[in-house]
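The following report introduces a protein structure to a reader who has not met it before. Please look through the sequence and the model first, and then follow the text part by part.

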Amino acid sequence: MMAKDSKTGVVGTTISMIFLLIIGLLYAAFTPNINPFETWMHTRKDDEVFGVEEPLNSFFKRLVKGVDRIQLETTGLSCHSDVHSEVCVANRPVIVDKSALTVYVPSNEAQVEYKVQPYARKEDGTAMKAVTPVQILHGNISNPPACNFSYNIPAMIFSSGGFTGNLFHEFNEIIIPLFIMSRSFRSQLQFVITDFKPWWVSKYERILSSLSSYDVINSVEKEGVHCYPGAVIGLKFHDNLALNSSDIPGGYSMFDFKQFLRESYMLKMKDVSNQMGKKPVLVLISRRKTRKFFNEDKMVEMMEELGFQVIAATPNQTSNLDTFSGLVNSCSVMVGAHGAGLTNALFLPAGAVLVQVVPLGLDWPSVNYYGGPASEMGLNYLEYKIKPEESSLIDDYGPDHPVITDPMSISLKGYRASRAVYVDGQNLKVNLVRFRETLVEAMKLVGGSTPSN
């Protein structure tokens with residue numbers, strides 16, 4: 001009996017020690033005052049690695065390849081630049097001095113300085129004038145500033161400057177590049193936004209909160225020194241409204257991005273086939289300044305005669321993504337002249353039809369900004385190229401002017417000259433007989449039928 005009691009006591013002591021060890025580990029994991037530079041662990045939710053824990057460094061490694069990855073592993077910092085964007089990735093503790101917009105990456109290396117404009121439109125000087133550079137000091141730094149705020153998640157620093165205010169550029173140069181860079185972190189990171197615009201953050205609150213579980217930080221407010229276990233400075237650009245899945249951690253595609261948008265905005269319709277048997281809904285992007293339709297009322301009348309339920313969306317409606325995304329998602333067809341409003345096609349269900357009216361002189365941007373990307377969005381694409389007599393430019397310049405007969409000669413004068421004429425100076429009066437053929441084709445693509453006449 002005595003031996004049995006002794007053995008029980010030993011077992012009990014062992015269990016108690018294990019219990020205390022587990023409590024200690026749980027405390028270390030969840031207490032808010034842990035050292036932010038400790039190994040950061042994260043459970044990925046990808047099906048193929050569900051439940052597998054990985055150190056933070058593995059997430060950073062996925063953002064770089066080849067010599068850039070070697071540099072990251074060797075020095076703790078890798079900076080890469082191409083024609084569109086520049087990105088720096090630090091997989092070791094960083095110190096972010098917001099008041100000076102400087103990122104310190106201490107190491108034993110000789111000190112090197114970089115300047116990054118964290119916006120994916122590097123080739124456009126006009127856009128980059130509105131993007132403040134972030135200074136990065138890497139190496140043996142004497143007397144780095146002390147931390148005022150410490151975090152156990154990495155930072156992602158980007159700008160809301162550039163061409164914000166234009167839906168196409170907001171998605172093209174910030175939202176999609178941000179998805180590319182941050183999605184694999186599974187919301188366990190914090191956005192530090194330079195050139196902070198409160199209205200922009202409010203406009204995209206659903207997207208930002210879906211990509212990060214933490215409040216965004218304004219680089220101007222809450223000044224001080226913020227310390228993170230790593231950071232990404234800048235955004236990677238792939239192509240216009242496009243994702244190159246082979247160059248993205250996790251291999252995300254446009255299909256995945258659209259699914260992400262559906263989840264963020266709680267969109268109901270995934271595929272246009274869900275609307276079969278119902279009257280197809282067509283949304284017409286109604287413009288009020290340039291490239292507007294002079295005969296819009298007649299266009300709507302014809303669309304309704306063909307069997308569409310028509311919604312003419314005004315700029316006031318399209319500006320609120322929280323509501324307009326849901327309206328677009330309920331539609332089978334979108335029609336509009338080339339312009340930023342067509343970016344809302346991202347919210348269309350798969351199998352829907354995008355009909356782009358191509359103004360005079362805008363063939364290239366029409367194809368490259370919307371025509372090409374439409375198929376990657378899972379949409380059917382139709383275009384209606386206007387003839388000179390359907391453009392207001394023929395009244396302004398006459399039928400024999402190079403503006404009408406040779407748009408390329410105007411483009412060769414430079415972007416500003418071309419934009420002034422074809423983007424800012426043109427309105428449209430669509431030939432209803434010819435345009436009707438395009439809409440009949442759109443109706444067929446969504447499984448509807450049109451009157452036989």
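Is Phe 179 buried or exposed? In this predicted model, Phe 179 is buried, with a relative accessible area of 1%. Phe 257 is likewise described as buried, its relative accessibility being 0%.

**Aromatic rings**

A pair of aromatic rings is described by the distance of the centres and the angle of the planes. The structure holds 18 aromatic pairs. In one of them, the ring centres of Phe 179 and Phe 257 are 5.2 Å apart and the planes meet at 75 degrees, so the pair counts as edge-to-face. Because Phe 179 belongs to helix α5 (residues 167–182) and Phe 257 to helix α8 (residues 254–265), this pair ties together parts that are 78 residues apart in sequence. Both residues also belong to one aromatic cluster, whose members include Phe 158, Phe 171, Trp 200, Tyr 204 and Tyr 265. Elsewhere, a charged side chain meets a ring: Arg 62 lies over the face of Phe 59, at 5.3 Å from the ring centre.

**The parallel sheet**

An open sheet is built from five strands in the order β16-β15-β17-β18-β19, and the pairing is parallel. The edges are formed by β16 (309–313) and β19 (380–385), each of which has a single partner strand, so one side of each is left without a neighbour in the sheet. From one strand to the next, the twist averages 20 degrees. Strand β15 (residues 281–285) is joined to β16 by five bridges in the parallel sense, and within this pairing Val 281 has Gln 309 of β16 as its bridge partner.

Two helices accompany these strands, and the table sets them side by side.

| Helix | Strands involved | Angle of directions |
|---|---|---|
| α9 (residues 296–305) | touches β15, β16 and β17 (333–337) | about 170 degrees with β15 |
| α12 (residues 363–376) | lies across β18 (353–358) and β19 | about 180 degrees to β18 |

**Strand β13 and its partners**

Strand β13 (residues 225–228) is covered on both faces, since Val 225 and Cys 227 on one side and His 226 and Tyr 228 on the other are all buried. In a regular strand the side chains alternate between the two faces of the sheet. The pairing of β13 with β5 is antiparallel and extends over four bridges, with Val 225 of β13 serving as the bridge partner of Asp 97. With β9 (residues 149–150), by contrast, β13 runs parallel, and two bridges join these strands; here Phe 149 stands opposite His 226.

**Two further residues**

Asn 91 is found in the loop between β4 (86–90) and β5 (94–97). Which class of exposure does Asn 91 have? With a relative accessible area of 19%, Asn 91 is buried, because the limit for that class is under 20%. Its side chain makes a polar contact of 2.6 Å with the side chain of Asn 57, and beyond residues up to four places away in sequence, Asn 91 touches Asn 57, Phe 60, Leu 72, Gly 76 and Pro 229.

Asp 322, in helix α11 (residues 321–329), is partly exposed, with a relative accessible area of 35%. Leaving aside neighbours within four places in sequence, Asp 322 is in contact with Lys 203, Arg 206 and Tyr 265. Arg 206 lies 116 residues from Asp 322 in sequence, while the C-alpha atoms of the two are 8.2 Å apart in space.

Note on methods: Residues numbered from 1 in each chain as written. Predicted model: local features only at pLDDT ≥ 70, side-chain atom pairs only at ≥ 80, totals over all residues. Heavy atoms only, no water. Phe/Tyr/Trp six-rings, centres within 6.5 Å; stacked < 30°, edge-to-face > 60°. Buried < 20%, exposed > 50% of the residue type's maximum accessible area, 1.4 Å probe, protein only. Lys NZ or Arg CZ within 6 Å of the ring centre and 35° of its normal. Polar contact = N/O pair within 3.5 Å; in protein donor to acceptor, adjacent residues only side chain to side chain. Contact = heavy atoms within 4.5 Å. Pairing = 2+ DSSP bridges. Axes fitted to C-alpha atoms, helices over the stretch in contact; angles between N-to-C directions.
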